[in-house]
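Open the viewer and show the model as a cartoon. Keep the selection box at hand. The tour begins below.

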Amino acid sequence: MYYFLRLVLLSSFLIPATLVAGSLFDQLSYQDKQYWNKLLHANNNGVSLADGALFFLAPDGKKNAASELEATINSFKDTNAQSGWFHYHPQCVFRERYRFLKSVGLLNNTVEKSCPEFDEWKNGLNTESVTLIFSSSYPNNPSSLFGHTLIRLNQKNKTNDLLDYSIAFSAIPNNNDIGIIFAYKGMFGGYQGLLEVTKYYTKVNDYNNGESRDLIEYQLKMSPEQIDRLINHLWEIYQTTYFDYFFLDENCSSVLADILAVAFDQLQVNYHKRWYYLPAEMIKTFWNANLVESVNYRPSLKRKLEMQLLTFNKNEINAIKDLDYKQNLKIHDGVISYLDFLRYQTRNNLSINQKKILRSALISRSTLPQAELIPQTFEQTNRPELGHEPRKISIYHRSTLLGLELKQGHHDLMSNDLGYDQFSQFDFLTLSIFYDTNKKKFTYDKFTFVDLVSLHPYSFYDPQFSWQATVAGDGDNSIYGKAFGGVSFKPYHPVVFSFLLGFAGYIDGQYRNNYRISPMMKFSFLSTITERAKIGFFDELSTYENSLMLQFSFFSSKNTEFRMIGKKKVIQFNYGYYF
């Protein structure tokens, strides 16, 4: 028995370290294993999405959670170890790993290091609560049509939330990359993505004022312990790593969702329903899980100006255009608001005359009585939790054809605008097939790779152009691309007219040289009749054809719709379900 015990004790010292690590990891509860994987940002295959080498303490830590567990424990016990970009002791870099491993009893008899740099950073943040923020779409930038998300760390005893810190994950592009290179790298991981920690007012200036994007602020239900886990983990990432940025599935929202999953350790707040991840999906996840305590709507500077201008008659509008602020107090305030909006739109590059008038108007205004404060009520129709899901499956009937259409995403001009910004479209990967009851055969009707539209209403204060870009193919074995640019007008709230000029290029064996290029014109009329119905009129004219189409949509619920489409004396009936 004596010799047997000696053999057991001796063999325990001879077991390789990797086997010990494996046994330690295997001894963790299922919940603790899941949490460790969250700390490593591991995907379903056990591979970490973090790409910075300093995030891992084991050579194979990116792919081996057990090995990373052992290396982390050993580094915490090594008093001379250093890690991270600033060469702090590992305990002071991986604060949430240290807290977790200590809580599960794997750091017994470990000498705890003081971490003054982390303590100073955490105390400076002074976080009391956390707000998840959705920035609405930016119509003249295709990469922003989905919107954007960030979080705000709300300080204790604050007097102004603009002084809180915001956390955003963004790609770091090369400013020399042209549009097509920028799009390619953004789609396929050509840029690094980093966490950006800045004062919230910088984001309000960028999004709310500079890009005319509404900010919708969702204060989350979080305990002090959850907030501590979040702050600890933010420090770990900030000190060690980056993530390769992928526009569709490793973007501003998916990475933030993975970070917040560490705080909500027992909830799958980073659950991905589909192969791409949208900012709206992140908001819906927290909303549906009842993790939102309150909502604050921060309208853009443009939306505030639009609301203010609704109170002016035609003569007063003309006075504002002429910058004639001396007529009365109301026009005085209108001119200041107009020039302030232009100041942000031009990145503080007003003309000399505009700068002079703005300065004079502000000085003059300081000597006049305060205007009566009239509360403004804004329509909050672009809150993402109100909107339909992005994918859609449709069945349709047209003459002798019975069809099926599957669309990966995300929203088109005839969809229900609730939860989205009006008069914009981002459709991609749409395939429709049909069965011809006369010919008794199946064939494909149309495939759309991408179809982007922004019918941005043109105005004297915001003279932006509308545009459309399409790449698709049809059942005639023709592949085509279309590009348009022009203007849209909104005579009153639910209606927009647009006139666009452009060209189309077709690749088809039936044409001479197998291709054809044609100039084109496009007219559009869109109107929201009621909350449940829309009507649209579209006419594309080229040197070869006139494609006239009338559409009517009825929304029976958030995710179901009926459409009637009239084209070339043929009526098509659609039933669509978003999921």
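Two strands pair if DSSP finds at least two bridges between them. Helices (H or I, at least four residues) and strands (E, at least two) are DSSP runs, numbered from the N terminus. This is a predicted model: local features need pLDDT of at least 70, side-chain atom pairs count only at pLDDT 80 or more, and totals for chains, interfaces and linings use all residues. Residues are numbered from 1 along each chain as its sequence is written, and side-chain values use heavy atoms, with hydrogens and water left out.

**The sheet.** Select the seven strands. They form an open antiparallel sheet in the order 6-4-3-2-1-5-7. Its edges are strand 6 (243–245) and strand 7 (292–298), each pairing on one side only. From one strand to the next, the twist averages 35° (axes are lines fitted to C-alpha atoms, for helices over the stretch in contact; angles run from 0 to 180 degrees between N-to-C directions).

**One edge.** Select strand 4 (residues 191–199) with strand 6: three antiparallel bridges join them. Pick glycine 193; its bridge partner in strand 6 is phenylalanine 243.

**A helix across.** Now show helix 10 (residues 224–240). It lies across strands 1, 2, 3, 4 and 6, at about 65° to strand 1.

**A buried glutamate.** Move to glutamate 96, in helix 6 (residues 95–103). Why does glutamate 96 count as buried? Because its relative accessibility is 0%, and buried means under 20% relative accessible area (1.4 Å probe, protein chains only). Beyond its neighbours within four places in sequence, its contacts (heavy atoms within 4.5 Å) include Tyr35, Leu39, Asn232 and Val262.

How values were computed: Buried means under 20% relative accessible area, exposed over 50%, partly exposed in between (1.4 Å probe, protein chains only).
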